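Me: Please take me through the descriptive terms applied to this model. For each one, I should like to know what justifies it.

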Amino acid sequence: MYKKPGRNPGVGINFHHHFAGDILRNIDQIDFIEVFTEKFFIKENDETLSKILENIPLVLHGLDLSIGSTGPLKIEYLDNLRSLLAGINFEWFSDHISLTHENNFEVGHLMPVQFSEENVSKISIKAKEVASLTDRPFLLENITYYYPIPGQSMAEESFISSILESADCGMLLDVNNLYINSKNHGYDPIKFLSKIPVDRVVEIHIAGGSFKHGMLVDTHANSVSTEVWDLFDEVCNRVPFNGVIIERDSNLDRLEDLIDEVNIAKKIMKNNGIYKSNI
Ligand SMILES: [Fe+2]
């Protein structure tokens with residue numbers, strides 16, 4: 001039976017190797033940190049990251065589980081994940097409702113999967129398998145898609161809801177992805193929130209996108225837009241989440257820019273009376 005974590009870690013950032021020293025110097029402003037799961041598979045000794053983890057809680061975020069692939073989960077990936085989860089202290093772990101490889105072909109990107117009952121069944125069986133590796137919550141994240149996938153039989157919100165319910169797992173709600181999809185596919189993001197099981201949302205992602213090829217694109221390469229902050233404000237009202245990560249993967253010259261966004265998120269949460277970091 002799915003159980004939400006009892007603590008509230010507040011607002012954090014994703015780990016940036018080249019800013020690791022700056023993260024340590026600003027540790028009092030960051031409530032928790034998200035690190036790519038696969039970074040730990042390499043087993044390199046990262047002293048600064050170890051020091052960061054002595055100070056603030058860790059959440060793991062995977063990129064390459066590829067839960068939407070047609071075949072089973074890769075045994076080598078599961079073995080790596082199993083030994084990592086047994087050997088590290090973390091609050092929860094997550095990956096995306098997507099595929100990154102198919103029939104040994106590496107896509108190199110998070111690809112959307114067809115919204116169908118067949119995929120709900122396949123993905124939820126695999127999500128249960130992953131969740132059974134540990135007693136900490138496993139979350140699945142909504143991703144962006146830039147075209148309607150041919151032959152799909154379900155709406156996005158029913159697809160995500162059905163997976164969460166039948167896998168009995170948590171959700172990582174990416175507010176920027178929700179905003180981008182709502183714009184590119186012409187739907188109301190607030191109505192979307194009313195149709196998903198928001199009690200299952202544990203983590204929130206906030207990021208900046210870009211406008212490319214006549215569409216909004218999830219690039220993690222810009223500051224967060226006013227529209228996404230406004231949507232986050234609505235999310236604070238409607239979704240009982242446990243923590244927020246500000247995601248930025250490129251185009252970042254100073255960590256201070258990310259810290260500024262951490263403080264904006266904290267301010268919005270405080271205005272909604274929900275900022276309760278215990279750090
Ligand atoms: Fe995200």
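The exchange below sets the computed values against their definitions.

Me: What kind of model is this, and how are residues numbered?

Reply: This is a predicted model, in which local features need pLDDT of at least 70 and side-chain atom pairs count only at pLDDT 80 or more, while totals for chains, interfaces and linings use all residues. Residues are numbered from 1 along each chain as its sequence is written, and side-chain values use heavy atoms, with hydrogens and water left out.

Me: How many helices and strands are there, and what makes a run of residues a helix or a strand?

Reply: The protein chain has 10 helices and 11 strands. These are DSSP runs numbered from the N terminus: a helix is H or I over at least four residues, and a strand is E over at least two.

Me: How do you know whether the radius of gyration agrees with that of a compact globule?

Reply: The rule for a globule is 2.2 Å times the number of residues to the power 0.38, with the radius taken over C-alpha atoms. For 279 residues a compact globule would have a radius near 19 Å; the protein chain has 18 Å, and therefore the two agree. Along the principal axes, the C-alpha atoms fill a box of roughly 50 × 40 × 40 Å.

Me: What share of the residues is buried?

Reply: Buried residues are 55% of the 279 in the protein chain. The term means under 20% relative accessible area, exposed means over 50%, and partly exposed lies in between (1.4 Å probe, protein chains only). The accessible surface of the chain, computed by the Shrake-Rupley method with a 1.4 Å probe, is about 12600 Å², and carbon and sulfur atoms hold 50% of that surface.

Me: Why is V11 called buried or exposed?

Reply: V11 has 0% relative accessibility, and therefore counts as buried. This residue lies in strand β1 (residues 10–14). Contact means heavy atoms within 4.5 Å; beyond four places in sequence, V11 touches residues including I30, F32, V244, V262 and Y275. V11 and N263 are 252 residues apart in sequence, yet their C-alpha atoms are 8.3 Å apart. In the protein chain, 80% of the contacts with a separation of 6 or more join residues 24 or more positions apart.

Me: Why is R200 called buried or exposed?

Reply: R200 has a relative accessible area of 12%, so R200 is buried. R200 sits in the loop between α8 (189–194) and β9. Its contacts outside four places in sequence include Y2, L164, E165 and D168.

Me: Where is A207, and why is A207 called buried or exposed?

Reply: A207 is in strand β9 (residues 201–212). Its relative accessible area is 0%, and A207 is therefore buried. Among its contacts beyond four places in sequence are N176, H220 and E247.

Me: What makes F115 and Y145 an aromatic pair, and what kind of pair is it?

Reply: A pair of aromatic rings is described by the distance of the centres and the angle of the planes. Rings of Phe, Tyr and Trp (its six-membered ring) pair if their centres lie within 6.5 Å; planes under 30 degrees apart are stacked, over 60 edge-to-face, and the rest tilted. The structure holds nine such pairs. F115 and Y145 lie 5.3 Å apart, centre to centre, with 90 degrees between the planes, and the pair is edge-to-face. The pair links distant parts of the chain: F115 is in the loop between β6 (105–111) and α5 (117–131), and Y145 is in the loop between β7 (138–141) and α6 (156–167), 30 residues apart. Both residues are buried.

Me: What kind of pair do W229 and F232 form?

Reply: Their ring centres are 6.2 Å apart with 65 degrees between the planes, and the pair is edge-to-face. W229 and F232 lie in helix α9 (residues 226–238), three residues apart, or about one turn of the helix. W229 and F232 are both buried.

Me: Where is K43, and why is K43 called buried or exposed?

Reply: K43 is in the loop between α2 (37–41) and α3 (47–55). Its relative accessible area is 65%, so K43 is exposed. Most residues other than glycine have a negative phi. K43 has a positive phi of about 60 degrees although it is not a glycine.
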